[in-house]
Amino acid sequence: MISDFLYKGVQVNFFLCPGPDSWGVTLMWATGPKGHTIGMTIKARNKGLLINSRGIWTRDEPPKLVPARTEKDIARILAWKYKPPETRGKDTKEKASPY
């Protein structure tokens with residue numbers, strides 16, 4: 001569950017994690033950035049999984065939660081190189097000099 005609200009003029013994003021097997025996903029969803037979250041969604045879809053702020057799920061009927069207690073678990077499940085929150089969305093390539 002995600003709830004966004006203003007408190008004393010400051011936007012607060014409240015994430016409710018449904019359990020320990022979802023903690024890694026909820027944490028990664030909350031720390032973003034948006035492009036990183038979109039990338040996770042695409043990667044999960046390509047692996048036949050569904051990801052949202054509440055967990056990673058199989059597409060079985062009914063869906064089954066794939067345990068992801070840490071952000072590194074998510075990287076392993078999605079076969080994605082783990083990036084700590086402070087480096088996500090950063091362009092690591094050197095930009096060409098204008099001179």
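## Ala79 and the end of helix α3

Let's start with Ala79, which is exposed, with a relative accessible area of 51%. Exposed here means over 50%, so a value of 51% puts Ala79 in that class. Keep in mind that you are looking at a predicted model. Ala79 sits in the segment after α3, and its backbone does something worth a look: phi is positive, about 55°, although the residue is not a glycine.

## Helix α3 itself

Step back into α3 and you can ask: which of its residues are buried? They are Glu71, Ile74, Ala75, Ile77 and Leu78. Looking down the axis of α3, these buried residues fall within an arc of 165°, so they line one face of the helix. Turn to the face pointing away from that buried side, and you find the exposed residues Lys72 and Arg76.

What covers the buried residues of α3? The cover includes two helices, α1 and α2, along with the strands β3, β4 and β5.

## Helix α2

Now for α2, which covers residues 34–46. You can check its length yourself: at 1.5 Å a residue, its 13 residues should span 18 Å. The C-alpha atoms at its two ends are 19 Å apart, which agrees.

The buried residues of α2 are His36, Thr37, Met40 and Ala44. They cover an arc of only 100° around the axis, which puts them on the same side of α2. Over on the other side, Lys34, Gly35, Arg45 and Asn46 are exposed. As for partners, the buried residues of α2 pack against α1 (23–31), β3 (49–52) and α3 (71–78). Just after this helix comes Gly48, whose phi is positive at about 75°.

## Around strands β1 and β2

Which residues make the nonpolar surface patch of about 400 Å²? Phe5, Tyr7, Phe14 and Leu16 do. Phe5 belongs to strand β1, which runs over residues 2–7. Is Phe5 buried, partly exposed or exposed? Its relative accessible area is 37%, which makes Phe5 partly exposed.

Move on to the loop between β1 and β2 (10–15), and you meet Lys8. Phi of Lys8 is near 50°, a positive value in a residue other than glycine. Lys8 is exposed, with a relative accessible area of 74%.

## A cis peptide bond

Another backbone feature to find is the cis peptide bond that joins Glu61 and Pro62, with omega about 0°. To spot Pro62, look in the loop between β4 (55–58) and β5 (65–66).

## The whole protein

Time to zoom out. How many helices and strands does the protein have? Its secondary structure comes to 3 helices and 5 strands. Starting from the N terminus, the order of elements is β-β-α-α-β-β-β-α.

The protein has 99 residues, and buried ones make up 25% of them. Its exposed area is about 7100 Å², with carbon and sulfur atoms supplying 58% of that. Finally, take the contacts between residues at least 6 apart in sequence: 47% of these join residues at least 24 apart.

How values were computed: Residues numbered from 1 in each chain as written. Predicted model: local features only at pLDDT ≥ 70, side-chain atom pairs only at ≥ 80, totals over all residues. Heavy atoms only, no water. Helix = DSSP H or I, 4+ residues; strand = E, 2+ residues; numbered from the N terminus. Expected span 1.5 Å × (residues − 1). Buried < 20%, exposed > 50% of the residue type's maximum accessible area, 1.4 Å probe, protein only. Arc of directions from axis to C-beta. Contact = heavy atoms within 4.5 Å. Patch = residues over 30% accessible without salt bridge, like charges linked within 9 Å, V, L, I, M, F, W, Y side chains within 5 Å. Areas by Shrake-Rupley, 256 points an atom, 1.4 Å probe, with all protein chains shown as cover. Salt bridge = Lys/Arg side-chain N within 4 Å of Asp/Glu carboxyl O.
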